Amino acid sequence: MDSMASLTETLTNETKKTAVVDDCCALIDAEVADKSGISGLAIKAGYGAVKGIKPGFIRHAVIDLLPDFAAALEPLFQEARTAGKPISGYFASNSGRVADALLTITDGKVKRAQSGLVKGTYEKLRGTAKKNVEAAVPRVGKLIEKHAG
């Protein structure tokens, strides 16, 4: 990777984008599958409902969100590189900041969403979203390290 390229340029580069999106979709599936208990059932039901909107809905959402997510994570990515720390470890030790950066993007997108089902599902799950996104940060860090490290 070009050491001067931004995270957005790297993750959305046409030669890598398909692999990055595939890995993001696999990450989301794995995170949802890992959830348990009552909140896990709610997350799995919400995810199933959103996936059922139309084939490829999650993949399309990932493609749509990827540039914004990469831009939101850019400062943390650069901090890790400047400090000479592994991206995955740096992200894990800053999981609250990573979660806040990602949720700022999704909150904005949901406000503009056309689908009542998407809005309603997001609003029901938003209360526990930060802890769930924080739980996903180690996988997010590894994904970024794989594609941009």
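Histidine 147 has a relative accessibility of 8% and therefore counts as buried. The model in which this residue is seen is a predicted one. Histidine 147 belongs to helix H8, which spans residues 129-148. Apart from neighbours within four places in sequence, the residues in contact with histidine 147 are Thr10, Leu11, Lys16, Ala19, Val20 and Asp23.

Some of these contacts lead to helix H2. Ala19, Val20 and Asp23 are among the H2 residues that meet H8, together with Cys24, Leu27, Ala30, Glu31 and Asp34. On the H8 side, the participants are Asn132, Ala135, Ala136, Arg139, Val140, Leu143, Lys146 and His147. The residues of this contact comprise nine nonpolar, five charged and two polar.

Two packed helices are described by the angle between their axes and by the distance between those axes. The axes of H2 (residues 17-34) and H8 come within 10 Å and cross at roughly 155 degrees. Because angles over 145 degrees count as roughly antiparallel, H2 is roughly antiparallel to H8. The crossing of H2 past H8 is right-handed.

Cysteine 24, one of the H2 residues in the contact with H8, raises the matter of disulfides. A disulfide is a covalent bond between the sulfur atoms of two cysteines. With a cut-off of 2.5 Å between the sulfur atoms, the count of disulfides comes to zero. Cysteine 24 is in no disulfide, and its nearest cysteine sulfur, that of cysteine 25, lies 6.9 Å away. For cysteine 25, the closest cysteine sulfur is that of cysteine 24, and the 6.9 Å between them is too far for a bond. Cysteine 24 counts as buried because its relative accessibility is 15%; cysteine 25, with a relative accessible area of 14%, is buried as well.

Technical notes:
Residues are numbered from 1 along each chain as its sequence is written. This is a predicted model: local features need pLDDT of at least 70, side-chain atom pairs count only at pLDDT 80 or more; totals for chains, interfaces and linings use all residues. Side-chain values use heavy atoms; hydrogens and water are left out. Helices (H or I, at least four residues) and strands (E, at least two) are DSSP runs, numbered from the N terminus. Buried means under 20% relative accessible area, exposed over 50%, partly exposed in between (1.4 Å probe, protein chains only). Contact means heavy atoms within 4.5 Å. Axes are lines fitted to C-alpha atoms, for helices over the stretch in contact, and angles run from 0 to 180 degrees between N-to-C directions. Angles under 35 degrees count as roughly parallel, over 145 as roughly antiparallel, 65 to 115 as roughly perpendicular and the rest as oblique. A crossing is left-handed if the near helix is turned anticlockwise from the far one by less than a right angle, and right-handed if clockwise. Ala, Val, Leu, Ile, Met, Phe, Trp, Tyr, Cys and Pro count as nonpolar, Asp, Glu, Lys and Arg as charged, and the others, Gly among them, as polar.
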